[in-house]
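Let's take a walk through this one together, starting with the charged pairs and ending with a pair of packed helices. Have the structure open and click along.

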Amino acid sequence: MLLVLATASAAPAQEGAPVERPAPGFLPPGFEPPVLVEGDGFRIVPLGPALTQIDYAAYMSSIRHLNETFTRSTDWPTPGITAADAVKDMETEQARFRNRQSFAYAILTPDGKRERGCIYVYPSPVAPYDAMVRIWVTKAEYDAGFDAEIYRWTRGWIARAWPFRNVAYPGRAIAWEEWDALTARAKKGGAG
């Protein structure tokens, strides 16, 4: 089940927030990213300050799991993340969404009281991909099989609801080692 209930035009802009420009060609000018999508057993909404507490609880419950599966490093999340750090992160994600640079979504339970994970839609740093999508779920959700379910759902959602032709799913459809090599070449100025 896929129900798109709203698009980004409904998202309010905050006064005085920094305005950064999106990556050239990342999104066509008329495209409005969804701001509320409901699936079977979850709902997806943009990350922002209102979700700080449940987002923080979700990733802090799964530090080791996320270090091994989502980031492959010990840089995020860490036990030392403060509430102020979490708020700043949410403000940054909200500004990036509003400025059409990248789109970070919380995957919530249907009642919106618990975060099951997140979906991130970014411009791809590697040609020929026009977008890169990353997904994480908490350790409990992973153990319950939700990771495979949300990955399948996300691939379908991105294909149906977003204007991309070629999407990279690092660590999933593309092995991490291959993605790392592609991004290293792209940083050096080589062909993707």
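Is E141 buried or exposed? With a relative accessible area of 7%, E141 is buried, since the cut-off for that label is under 20%. Keep in mind that this is a predicted model.

**Salt bridges**

Side chains of opposite charge can pair when their charged atoms come close. The structure has 5 salt bridges, and E141 takes part in one of them, with R114. Those two sit in quite separate places: E141 belongs to helix α4, while R114 lies in the loop between β4 (103–108) and β5 (115–122), and 27 residues separate them. Unlike its buried partner, R114 is partly exposed, at 43% relative accessible area. There's a third member to look for here, because a network of salt bridges links R114, R116 and E141.

Here are three of the pairs side by side.

| Salt bridge | N to O distance | Relative accessible area |
|---|---|---|
| E141 and R114 | 2.8 Å | E141 7%, R114 43% |
| K139 and D143 | 2.8 Å | K139 38%, D143 53% |
| R172 and D147 | 2.7 Å | R172 26%, D147 14% |

The K139 and D143 pair stays inside helix α4: the two are 4 residues apart, so about one helical turn separates them. K139 is partly exposed and D143 is exposed.

R172 and D147, on the other hand, bring distant parts of the chain together. R172 is in the loop between β7 (167–168) and α6 (176–187), D147 is in helix α5 (residues 146–161), and they are 25 residues apart. D147 counts as buried, whereas R172 is partly exposed.

**A buried loop residue**

Now find T138, in the loop between β6 (131–137) and α4 (139–143). T138 is buried too, at 6% relative accessibility. Leaving aside residues up to four places away in sequence, T138 touches A58, S61, S62, H65, E115 and R116. You've already met R116, as part of the salt-bridge network with R114 and E141.

**Two helices crossing**

Which residues make the contact between α1 and α3? First, the geometry: the axes of helix α1 (residues 52–60) and helix α3 (residues 83–98) come within 10 Å and cross at roughly 110 degrees. The two helices are therefore roughly perpendicular to each other, and their crossing is right-handed. On the α1 side the contact is made by T52, D55, Y56 and Y59, and on the α3 side by A86, V87 and M90. Sorted by class, this contact has 5 nonpolar, 1 polar and 1 charged residues.

Methods. Residues are numbered from 1 along each chain as its sequence is written. This is a predicted model: local features need pLDDT of at least 70, side-chain atom pairs count only at pLDDT 80 or more; totals for chains, interfaces and linings use all residues. Side-chain values use heavy atoms; hydrogens and water are left out. Axes are lines fitted to C-alpha atoms, for helices over the stretch in contact, and angles run from 0 to 180 degrees between N-to-C directions. Angles under 35 degrees count as roughly parallel, over 145 as roughly antiparallel, 65 to 115 as roughly perpendicular and the rest as oblique. A crossing is left-handed if the near helix is turned anticlockwise from the far one by less than a right angle, and right-handed if clockwise. Contact means heavy atoms within 4.5 Å. Ala, Val, Leu, Ile, Met, Phe, Trp, Tyr, Cys and Pro count as nonpolar, Asp, Glu, Lys and Arg as charged, and the others, Gly among them, as polar. Buried means under 20% relative accessible area, exposed over 50%, partly exposed in between (1.4 Å probe, protein chains only). A salt bridge is a side-chain nitrogen of Lys or Arg within 4 Å of a carboxyl oxygen of Asp or Glu.
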